[in-house]
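Work through the exercises below with the sequence and the model open. Each task is followed by a solution in steps.

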Amino acid sequence: GNAELPTAVNITWSSINFKTILQWQPKPSGYFYTVEIIGQTTDTKRKCILTRETECDVTDVLRNVKETYTAHILSVTPSTMDNFEEPPFAVSEKFTPYSQTVLGKPEIQNYTQKGSKLNIVFQDPLTPYKFPNGSFQSIRDIFQHDLEYKLYYWKDQSSGKKDVTTKSNTFEVSVDSAKNYCFYMQGVIPSRTENRNGQESMVLCTSVGRNILDEYGAEVFIIIAVIAIAVITLAIVLPVILCKRKKAKAAREKEPLNGV
């Protein structure tokens with residue numbers, strides 16, 4: 001009967017900052033799944049035993065992040081779990097966390113633009129793995145010197161983008177002190193051939209020295225200038241016209257009446 005059980009298809013690894021989820025199809029009906037994680041140099045470990053789900057969090061059995069693993073998705077029934085017969089199973093693609101996990105978004109803690117310097121302080125994403133004291137390891141704790149960050153920055157309302165890299169948790173770049181700047185960043189593993197670039201952080205912009213020209217553009221500034229000139233001109237010309245009309249009226253009133 002075991003050989004007739006359906007086996008899993010579309011098996012995929014999904015991993016961000018070393019939190020790794022194994023997913024597959026289809027939903028089971030009349031049977032269960034059990035996941036076996038097999039390393040090249042480590043013992044086979046079972047996860048999500050007799051589950052009706054089609055995903056399994058296997059993070060804790062992938063602690064040796066440089067190891068290459070394969071998953072076997074077993075199709076089983078409770079009565080056959082204790083049998084010595086091997087149940088039908090499907091085999092995943094190989095997965096190496098160190099080279100395949102996706103770098104998550106770095107957290108920007110603080111940024112300032114003072115004069116011609118833009119300073120940014122950010123934090124490494126954390127992993128699910130802990131030190132003996134209970135604190136979480138960051139991706140830098142695992143990748144160490146293999147990790148760097150890239151910053152993309154540009155003048156606000158401009159399309160010209162520059163970039164710079166660092167191996168620390170800070171950026172300091174030279175900017176135009178009279179302009180505001182927008183930026184985002186991402187982690188990078190240069191040694192990788194795939195998944196080199198991590199997820200991009202949110203885009204943030206400085207707000208130093210914003211004025212109406214920065215906010216609305218030169219067109220609005222020109223319109224305001226034209227209106228101001230028109231008002232000033234009217235304020236000068238109108239009294240002159242009124243004065244001339246008043247003098248002309250007074251002159252006519254002084255002229256002697258005809259026929260008197």
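**Exercise 1.** Which residue in β6 is the bridge partner of Val35?

Solution. This is a predicted model, in which local features need pLDDT of at least 70, side-chain atom pairs count only at pLDDT 80 or more, and totals for chains, interfaces and linings use all residues. Residues are numbered from 1 along each chain as its sequence is written, and side-chain values use heavy atoms, with hydrogens and water left out.

Step 1. Strands here are DSSP runs of E with at least two residues, helices are runs of H or I with at least four residues, and both are numbered from the N terminus.
Step 2. Strand β3 is joined to strand β6 (residues 69-76) by 8 bridges, and the two run antiparallel. Two strands count as paired if DSSP finds at least two bridges between them.
Step 3. The partner of Val35 in β6 is Ile73.

**Exercise 2.** Place β3 and β6 in their sheet, and find its edges.

Solution. Step 1. The order β4-β3-β6-β7 describes an open sheet of 4 strands with antiparallel pairing.
Step 2. β4 and β7 (89-91) each have a single partner strand, so one side of each has no neighbour in the sheet.
Step 3. On average, neighbouring strands of this sheet are turned by 15° against each other, direction ignored. The axes behind this angle are lines fitted to C-alpha atoms (for helices, over the stretch in contact), and angles run from 0 to 180 degrees between N-to-C directions.

**Exercise 3.** In what order do the strands of the sheet that contains β15 run?

Solution. Step 1. The order is β13-β12-β15-β16, an open sheet of 4 strands with antiparallel pairing.
Step 2. Its edge strands, each paired on one side only, are β13 (161-166) and β16 (204-205).
Step 3. Strand β15 (residues 181-188) and β16 run antiparallel and are joined by 2 bridges.
Step 4. Opposite Cys182 stands Cys205 in β16.

**Exercise 4.** How many salt bridges does the count come to? Describe three of the pairs.

Solution. Step 1. A salt bridge requires a side-chain nitrogen of Lys or Arg within 4 Å of a carboxyl oxygen of Asp or Glu. The count by this rule is 7 salt bridges.
Step 2. One of them joins Arg46 and Glu36, whose closest N and O atoms are 3.0 Å apart. Arg46 lies in strand β4 (residues 45-51) and Glu36 in strand β3 (residues 32-39), 10 residues apart.
Step 3. For accessibility, buried means under 20% relative accessible area, exposed over 50%, and partly exposed in between (1.4 Å probe, protein chains only). Arg46 is partly exposed at 40%, whereas Glu36 is buried at 14%.
Step 4. Asp124 and Arg140 form another salt bridge, at 3.0 Å from N to O. Asp124 sits in the loop between β9 (117-123) and β10 (126-130), and Arg140 is in helix α2 (residues 139-143), 16 residues apart. Asp124 is buried at 11%, and Arg140 is buried at 18%.
Step 5. Lys155 and Asp176 meet at 3.9 Å, N to O. Lys155 belongs to strand β12 (residues 148-155) and Asp176 to the loop between β14 (170-174) and β15, so the pair ties together parts 21 residues apart in sequence. Lys155 is partly exposed at 34%; Asp176 is partly exposed at 28%.

**Exercise 5.** Why is the pair of Tyr111 and Phe183 classed as edge-to-face?

Solution. Step 1. Rings of Phe, Tyr and Trp (its six-membered ring) pair if their centres lie within 6.5 Å; planes under 30 degrees apart count as stacked, over 60 as edge-to-face, and the rest as tilted. The count comes to 12 aromatic pairs.
Step 2. For Tyr111 and Phe183 the centres are 5.3 Å apart and the planes stand at 75°, so the pair is edge-to-face.
Step 3. Tyr111 is in strand β8 (residues 107-114) and Phe183 in strand β15, so the pair ties together parts 72 residues apart in sequence. Tyr111 is partly exposed at 29%, while Phe183 is buried at 0%.
Step 4. Tyr153 and Tyr181 form a tilted pair, with 6.4 Å centre to centre and 45° between the planes.

**Exercise 6.** Which aromatic ring does Lys161 lie over?

Solution. Step 1. A charge sits over a ring if NZ of Lys or CZ of Arg is within 6 Å of the ring centre and within 35 degrees of the ring normal.
Step 2. Lys161 lies over the face of Trp154, 5.2 Å from the ring centre.
Step 3. Lys66 lies over the face of Tyr98, at 4.8 Å from the ring centre. Tyr98 also belongs to an aromatic cluster with Phe18, Tyr129 and Phe143.
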